[in-house]
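Reader: Hello! I'd like a close look at one part of this model, along with the pockets. Could you walk me through it in one go?

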Amino acid sequence: MLKIFQYRTIDKPITDFLLRVKGSKFYGLLFYMENENDLNILLQNTKALYPQATHYCYAYRIGVKGERFRVNDDGEPSGTAGLPIYNQLLSADIVNVLLIVVRYYGGTKLGVSGLIKAYKECSLQTISQSNIIEKEIYECYELIFNYDKQSLVMNFLKKLQIEPISFNFLENCSVKIEVPVKKRDSFLDKFNPLFLQKFVSYKLLA
């Protein structure tokens, strides 16, 4: 099975790409989004930025494989807006993104093929304006150990070049760490069972 260590996404939003087609104006907006709960906020912000538009169509892909996705035509004929937008996200192979295309109707009907072409072109050009980056995939672990083993554990992490992201040094200590997926096997191999059984336990956090 192919292991995935990185994913492609954007580093900053695009909010003002403009495409004109027969009087209609299409504005492309591209946002980083890794949680569906952010969808409504981003849509509300878009509507505030482009008030009185006739359509706010969108598509998103979330997850390192884009396993969570959604398309929305927002009143345009079925399949003419959301799907063309989504297909451009697929073509660019980017995830954890929301692409919105806002349309101001210009008085001339574009027809089904014209709408598909316009939404596709606006999506393509909006993505082309963005800076696509690769992000490392991490797993988060919590290490749990007795206070008297603090120095031992911290020195061990230092040798592995792993920086704690949070810690709690009370009677029962805990340290949260992020391990790059590409280094997971090496980490678990070096974090050997004998060491774990004697001094520390760990759990993988969701």
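To start with, in which loop is N96 found?

Author: Happy to! Please keep in mind that this is a predicted model. N96 sits in the loop between α2 (82–92) and β6 (97–104). With a relative accessible area of 6%, N96 is buried, because that value falls under the 20% limit for burial. Leaving aside residues up to four places away in sequence, N96 touches Y7, T9, F31, Y32, M33, E34, R61, I62 and G63.

N96 also takes part in a pocket: N96 is among the residues that line the second largest one. The volume of this second largest pocket is about 200 Å³. Y7, E34 and G63, which N96 touches, belong to the lining of the second largest pocket as well. The other residues of that lining are V64, E67, K135, E136, I137 and Y138. Sorted by class, the lining of the second largest pocket holds 4 nonpolar, 2 polar and 4 charged residues.

For context, here is the other pocket. The largest pocket offers about 250 Å³ of space. Its lining is made up of 13 residues, and L160, Q161, I162, P180 and K183 are the closest to the centre. Two elements, β10 (172–180) and α5 (184–190), each give two or more residues to the lining of the largest pocket. The largest share comes from α5, with 3 residues. By class, 6 residues of the lining of the largest pocket are nonpolar, 2 are polar and 5 are charged.

How values were computed:
Residues are numbered from 1 along each chain as its sequence is written. This is a predicted model: local features need pLDDT of at least 70, side-chain atom pairs count only at pLDDT 80 or more; totals for chains, interfaces and linings use all residues. Side-chain values use heavy atoms; hydrogens and water are left out. On a 1 Å grid over the protein atoms alone, a cavity is a set of points where a 1.4 Å probe fits but cannot get out, and a pocket is an open set with protein on both sides within 12 Å along at least five of seven lines; lining residues have an atom within 4 Å of a point. Grid points are joined across faces, edges and corners, and a volume is the space filled by probe spheres set on the points. Helices (H or I, at least four residues) and strands (E, at least two) are DSSP runs, numbered from the N terminus. Ala, Val, Leu, Ile, Met, Phe, Trp, Tyr, Cys and Pro count as nonpolar, Asp, Glu, Lys and Arg as charged, and the others, Gly among them, as polar. Buried means under 20% relative accessible area, exposed over 50%, partly exposed in between (1.4 Å probe, protein chains only). Contact means heavy atoms within 4.5 Å.
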